[in-house]
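Biologist: I would like to go through this model with you step by step, asking about the fold as a whole before turning to single residues. Could you show it to me?

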Amino acid sequence: SFLGPGGEPLSAELDLPVGPPRAFALFTHCFACDGDLPAARLISEALCRRGFAVLRVQENPAQSTGTQELAAILVSAAKELAKQHSLPRLLVGHSRGGTAVLEAAAELPATEAVVTIGAPAPAALAEGEALRLDAGLLVMHSPVDKVVAIDEARRIYEGVHGFKSFLSLADADHTLSLREDADYVGTMIASWAHRYVSFASMEERAPKEGRVAVEEWDRPYTNRVLARRHTWLADEPKELGGLDAGPNPYELLLAGLGACTSMTLRMYAARKRWPLEHVRVELAHSKIHAEDCAECETREGHVDRIERVIELRGDLDADQRARLLEIADRCPVHRTLMGEKEVRTSLA
């Protein structure tokens, strides 16, 4: 919650990434749209995956607000964000929100990157004036936008002085109603922003070298996994009480074996200079009766079975393929799973 420029109570939603935010973004939705815009959530999710915390601000569609007033609302939201966290370094605006972030950027000195999506040009640019922006600018617009003509994007691009880029959104509609369009926009913004935004170090999030940390995150069953500077989620499917926010523990185990298999085959083929073009490993885990496992010493109860299917592409002969199949069993993770092991558990 925050107070608008006139003291009126307003609200916004803060989407947080997995782990401490590396930077903050302010995202203003399509102000002409009724209710929440699905594309806004998808774009925000894409930014969160790259370490941004995203404050999403949307005007009440029942109220008529001018662009300058919208810009003032965004400045108020950014200042409230700064009180609790930090000023936004990335400003993203969709439709009239794009016009508003261009005007708000001048009053937010921490701004390092600005993105407009299907936005009308500010009135000053339409009258032939110029706008100086001390930040990178990405103009995104669809050539078939029937709400805001693409000529508005040209006015923004030509009228704003500074480092700028333009990205056509092909046949996307104004509200980015197709999920693939919204995902594309979010992913491209996140990638582009890395050129301009100063990110906080991720080192404080990582466990000690050689260790992996797993901790509960936000809700039951959802866990955050930290390894070096990498972060991802693990979860259970919805039918088991989770939110399906990430792979489950057995899927992570299979991923480790599959990745190790693929990397080992690639190293071996490269050393032999064999024409291996591509490796795909598909795995599945199940429980079987011990009596159905001919190679198992256990004869009662159940044992774990992992099925691994390896696809090798390239001009390889039969002997080379057979040899690579043998090498798959020599990958370090395979040996760990099949060899003697010990798990020591203690309280921190």
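Biologist: Of the contacts in the protein with a separation of 6 or more, what share comes from residues 24 or more positions apart?

Modeller: Please keep in mind that this is a predicted model, so every value here is computed from predicted coordinates. Among contacts with a separation of 6 or more, the share that joins residues 24 or more positions apart is 60%.

Biologist: What percentage of the residues in the protein is buried?

Modeller: The protein has 348 residues, and its secondary structure comes to nine helices and 16 strands. A residue counts as buried when its relative accessible area is under 20%. Of the 348 residues, the buried ones make up 41%.

Biologist: In what order do the seven strands of the open sheet follow one another?

Modeller: The pairing in this open sheet is mixed, and its edge strands, each of which pairs on one side only, are E3 (13-15) and E11 (164-168). From one strand to the next the twist averages 15 degrees. Read across the sheet, the order of the strands is E3-E5-E4-E6-E7-E9-E11.

Biologist: Which strands are joined to E6 by bridges, and how many bridges are there in each case?

Modeller: Strand E4, residues 23-28, runs parallel to strand E6, residues 90-94, and the two are joined by four bridges. Within this pairing Leu-26 stands opposite Leu-91, and Thr-28 stands opposite Gly-93. Leu-91 also has a bridge partner in E7, namely Val-114. The strands joined to E6 are therefore E4, with four bridges, and E7, which is also parallel to E6, with five bridges.

Biologist: How many of the residues of E6 are buried, and which of them point each way?

Modeller: Leu-90, Val-92 and His-94 point one way from the strand, while Leu-91 and Gly-93 point the other way, and all of these are buried. Strand E6 is largely enclosed by the rest of the structure, because the number of its residues that are buried is five of the five.

Biologist: At what angle to E6 does helix H3 run?

Modeller: Helix H3, residues 96-104, lies across E4, E6, strand E7 (113-117) and strand E9 (136-141). Its direction relative to that of E6 makes an angle of about 150 degrees.

Biologist: Which residue in the loop between E6 and H3 has a positive phi although it is not a glycine?

Modeller: Most residues other than glycine have a negative phi. The loop between E6 and H3 holds a residue whose phi is about 60 degrees. At 5% relative accessibility this residue counts as buried, and its name is Ser-95.

Biologist: Is Arg-273, which also has a positive phi of about 60 degrees, buried or exposed?

Modeller: Arg-273 is not a glycine, and its place is in the loop between helix H7 (249-272) and strand E15 (276-289). A residue counts as exposed when its relative accessible area is over 50%. Because the relative accessibility of Arg-273 is 78%, this residue is exposed.

Biologist: What is the volume of the largest cavity, and which residues line it?

Modeller: A search of the whole structure finds one cavity of 30 Å³ or more. The lining consists of His-94, Ile-117, Gly-118, Ser-142, Asp-145, Leu-169, Asp-173, His-174 and Leu-176, and these divide into three nonpolar, four polar and two charged residues. The volume of this largest cavity is about 40 Å³.

Biologist: Which residues is Ala-206 in contact with, leaving aside its neighbours within four places in sequence?

Modeller: Ala-206 is found in the loop between helix H6 (179-193) and strand E12 (212-217), and with a relative accessible area of 23% it is partly exposed. Its C-alpha atom is separated by 5.1 Å from that of Arg-228, although the two residues are 22 residues apart along the chain. The contacts of Ala-206 are with Arg-228 and Arg-229.

Biologist: How far apart in space are Val-309 and Val-281, C-alpha to C-alpha?

Modeller: Val-309 is found in strand E16, residues 302-314, and at 57% relative accessibility it counts as exposed. Not counting residues up to four places away in sequence, Val-309 touches Arg-280, Val-281 and Glu-282. Val-309 and Val-281 are 28 residues apart in sequence, and the C-alpha to C-alpha distance between them is 5.8 Å.

Technical notes
Residues numbered from 1 in each chain as written. Predicted model: local features only at pLDDT ≥ 70, side-chain atom pairs only at ≥ 80, totals over all residues. Heavy atoms only, no water. 1 Å grid on protein atoms, 1.4 Å probe; cavity = no way out; pocket = protein on both sides within 12 Å on 5 of 7 lines; lining within 4 Å. Points joined across faces, edges and corners; volume = space filled by probe spheres on them. Nonpolar A, V, L, I, M, F, W, Y, C, P; charged D, E, K, R; others polar. Pairing = 2+ DSSP bridges. Axes fitted to C-alpha atoms, helices over the stretch in contact; angles between N-to-C directions. Contact = heavy atoms within 4.5 Å. Buried < 20%, exposed > 50% of the residue type's maximum accessible area, 1.4 Å probe, protein only.
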